[in-house]
Amino acid sequence: MISKELVGASARPILLSILSRGESYGYAILKQVHDLSEGDLEWKDGMLYPVLHRLQDEQLIASTWRKSEAGRRRKYYRLTPQGEQALVREKKNWLCVNAILAALWGPDLELTPAI
Amino acid sequence: MGTSMGNFDLDRAIKAWRKGLTRNRAFFPEDLDELEGHLRDHIEELTASGLTGEDALQAALRRLGQHRLLEGEFRKVRRGRSKRAASWRSDSAWTVALIGNYLRIATRTLRRHAFFTGLNVAGLAVGLASCLLILLYLQSEFSYDRFHEDGDRIHRLNWDFAWDGREGIGSGTPPPLAAALRDEIAGVEAVTRLYPIGDVIVRRADRFFTEGGIVAVDSSFLRMFTFPLVRGNADALGAPGSIVLTETAARKYFGEDNPMGQPLSVGEDGVVFGRPYSSNFTVTGVAQDPPEGSHIQFDMLTSMPSHPQVEQFDWSWVWMQVTTYARVSPQANVVAMEEQVTDLVARRAPAAFTRVGFSFDELLAAGGRWDFRFQPIHDVYLGSADIGNRVGPTGSIRNLKIFGVVALFVLLIACINAMNLSTARSSRRANEVGVRKALGSARSGLMAQFLTESILFSLIATVLAVALAWTLLGPFNQVAGKSLSLSILATPSGGVILLGAMLGVGLLSGVYPSLYLSSFRPVEVLKGRALSGHRGRRFRSVLVVVQFTISIALIACTLLVRGQMDFFRDMDLGFERQGVMVVSNHDHRLGNSAEAFVDVLMEQGLVESASVSSGVPTTFSFEDYYKVDGRGDEQFEMASYLVDDHFVDTYGLEVIDGQAFQPTSPANRRSMLLNQVAVNQFGLTDPVGKRITYPGVGDFTVIGVVRDFNFRSLDQPIRPFGLIHESSEAYQIPNSSVSVRVAVDRLQESIAVVRAEWERFAPDQPFEYTFMDQNLEAQYAEERRLESLFLIFAALAILVACLGLLGLAAFVVERRTKEIGIRKSLGATDTSLVQLLIRDFTKWVLLANLLAWPIAWMWVQDWLEDFAFRTEVSLWPFLVAGLAALAIAVLTVGLQAARAARADPVTALRYD
């Protein structure tokens, strides 16, 4: 299981990335996350919406109400131009962290502290 | 939808779940829609995989998270959202709700602290009312002459001259100027001239009055200016003998009758400057009374051709007796036009100069100037202190500035009160602030709360101020000599100003307290630590010092102005002014019997002395140039009266050399008395017996010297003056006055005696008299007005400052109740306690004195500049102002202190 803090920190880039592939709605987003992480990344369903709303307040994503195939009203989210820029920044940051960790965990580095 | 299994109703279960969240303010309905959609998607999928509806709902809800968690997350976003105003509708609803709340708490605070509220509001109301009255006054003073349709294009022509060592600017212009401007200066569209007639008697059948407001005007007058006619038309003043009355004048002579075409007699038939003058006029129009805000005032307008003297001088560029106005075209360049006028004068004036025996070229060669300048009529009223106005009033821009500053001062003092009282009460509200902050109030919310309170204060104060101003308007109008009305407040601009003043005062008095109060840190406050309040106390002291500085300066200035006025009143003018009655012999009402009238009066028991003269102090004196024995062709300017044998006696003049006129002595003819200034300026060492030559008339022998006396306003130094015996026939003056010195303690009887004799001598002529002391007093009406207004506003300022001080004192005493109790139980006396409490305030007031004195001193030095005779500025007005302020302050604080000191220490110690 991934820790709560990391779940929280990664929610933003993950949501932006999912929406960068096209608009989507809450339940579908959750399913996608679940499938991609093969169940390792578990979000409390209720937590998703406040995060989406916050992103919307920051004008990184926008929403519209639309009818689903079944006739129910659904709120669809999509990325705004600012959101795309934010995603670029997020990507850079996460790749940076990734590079550091990859370098640190690489085979030619002494990891174990001297005892 | 409606997935239903057994007796489980999914829709109803979801509705129930939703209802549980609806009342929670963290969720908007939209959020619930979204969550419900999510829930239904999830349930749909779960039931598709075989779960019952009930189980699916349970599983989906578990995944969604507990209410509390959910709520917390939504709330976090929620707060950010309201700050960012993403949804303005819910946001403004929130603000409205808050304002309501602020108001509710504000009114509660106001009511709970009724004493402080009262002081605060009373101070602000007085301050605002003063401001309001002064603003009305300023508004009326600044809006003179705005009612003329082409007012922005009408200019008055002023005479700008430098000649023979004198220079100046005046509103008198020569008769030919107007036509020359119209014919020769491009850009001048129309011209008109005014010629004030002076006092004449107007008669209709058996009704007669002396009229001072008759102005002769060119026929273009009614077209250039906007003085609407109620009868007749704009051509009413073309023909000789036409007269237009104001509505008031028409009522005075004709009652409700139609005056049009009616005859009216103005003055007496006669010969003026060699031309016949006919007193027969016909009413050709009725005009509305000129508005109060007009620098041109008149009761009657006559046509210019009715008065031969103006036509007589149509060649003269040196007879400066008419006022000239010009309307210029919208594109006109006035500066360029003035240059053209200079050229015009250079072409036209020299002939006129030659004709009266002077040389225009010499005038120019000697560096002199004989020019005419355009003055926009909007500037005439306030911009003519040195220029004068022959047909109406002039105002004093300096006094307006003084009043404006004083109004702001009073308002400032009131605002300071509000500030002081609010911060002073901070200790009592500190707990409130602490609790509010601990409960999550933001600083901005607290500031809004305090600002709402101060604006509410100023709202109540504004309402009171308007009521107060309304009550005081009558007396104020009397003092200020105006007829102001509050109706301007009902106009949109008036309303905006009032609203602006209200908000301005509210903000001014509320900003500092709100910043100060909202800055308390809750932990310290609730522990009771923030209250030492040194910062606040120092600030309050500064404000009190400012208040008292202003108050003391105002009191001192009032006393100084009064000092100068008293100085005028008590000054030895060099002549007797008490009990001197001046009876008008205007237009020679007494005919040839003036001397007989005087002789008869002299025989009356109540009359000490009586005299006929061509002028009396404060009024007309005849000025011309004279040559002096032994000084060659040099000419000296001298003013003079033609007087009879009794003048010196009647006015109690002191003859210090030679002798006065001897009764019925033939030697009086061609003799004169000089004043000391004349003797000095003429360079006469032994004046008696010397000859003074009036060129073109003849020689006069100096038979004596009188001590200098003030024959004009005390604004001006005494100039060379001569008393010429009337039998000398030195010049002709159409008017004279009979001065009668009567018993001061029996004035009414004396008046009756003089009146009885008048009616015997001139039964069909008006009997009009004044008293010399009143005439002198009237010269300083404006200064008196300044004094009264100063007095009123100084009193208001000190009143408001004391209200503030009372509040502060009450507060300090309240805060130190416990201390007082302890001191008292340890044996302190009442007196020592009062002293202890007064000490602080005394220090402030003394400091204010140090600041106020130089301010008042500098102001009064500047003000006195204008007077030729001025009082010595002594220390006592400053001392009195300072001591008065100190006394009032000590009294105010002392009463509070005494109350506290006398209280039972047990009660005090129980007090919390």
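I began with burial in chain B of this predicted model, and I noted that F841(B) is buried and that W844(B) is buried as well. I then looked up where they sit, and found both in helix α27 of chain B, which covers residues 830-864, three residues apart, or about one turn of the helix.

Next I turned to aromatic pairs, and a search of the whole structure gave me 42 of them over all chains. For F597(B) and F761(B) I wrote down ring centres 5.4 Å apart and planes at 70°, and because planes over 60 degrees apart count as edge-to-face, I entered this pair as edge-to-face. The two rings link distant parts of the chain, since F597(B) belongs to helix α20 of chain B and F761(B) to helix α23 (residues 747-761) of chain B, 164 residues apart. I went back to F841(B) and W844(B), which also form an edge-to-face pair, with 5.1 Å from centre to centre and 75° between the planes.

Are F597(B) and F761(B) buried or exposed? I found F597(B) at 0% relative accessibility, so I counted it as buried, while F761(B), with a relative accessible area of 24%, is partly exposed.

I also recorded one aromatic cluster, formed by W159(B), F161(B), W163(B), F353(B), F358(B), F360(B) and W370(B).

My last entry concerns charge: D199(B), E268(B), D269(B), D587(B) and D764(B) form a negative surface patch. Of these I followed up D587(B), which lies in the loop between β18 (580-585) and α20 (594-602) of chain B, and which is partly exposed at a relative accessible area of 31%.

Notes:
Residues are numbered from 1 along each chain as its sequence is written. Chains are lettered from A and ligands numbered from 1 in the order in which they are written. This is a predicted model: local features need pLDDT of at least 70, side-chain atom pairs count only at pLDDT 80 or more; totals for chains, interfaces and linings use all residues. Side-chain values use heavy atoms; hydrogens and water are left out. Patches are made of residues with over 30% relative accessible area and no salt bridge: like charges are joined within 9 Å, nonpolar side chains (Val, Leu, Ile, Met, Phe, Trp, Tyr) within 5 Å. Accessible areas come from the Shrake-Rupley method with a 1.4 Å probe; for residues, only the protein chains shown count as cover. A salt bridge is a side-chain nitrogen of Lys or Arg within 4 Å of a carboxyl oxygen of Asp or Glu. Lys and Arg count as positive and Asp and Glu as negative; His and the chain ends are not counted. The place of a charge is taken as NZ of Lys, CZ of Arg, CG of Asp or CD of Glu. Helices (H or I, at least four residues) and strands (E, at least two) are DSSP runs, numbered from the N terminus. Buried means under 20% relative accessible area, exposed over 50%, partly exposed in between (1.4 Å probe, protein chains only). Rings of Phe, Tyr and Trp (its six-membered ring) pair if their centres lie within 6.5 Å; planes under 30 degrees apart count as stacked, over 60 as edge-to-face and the rest as tilted.
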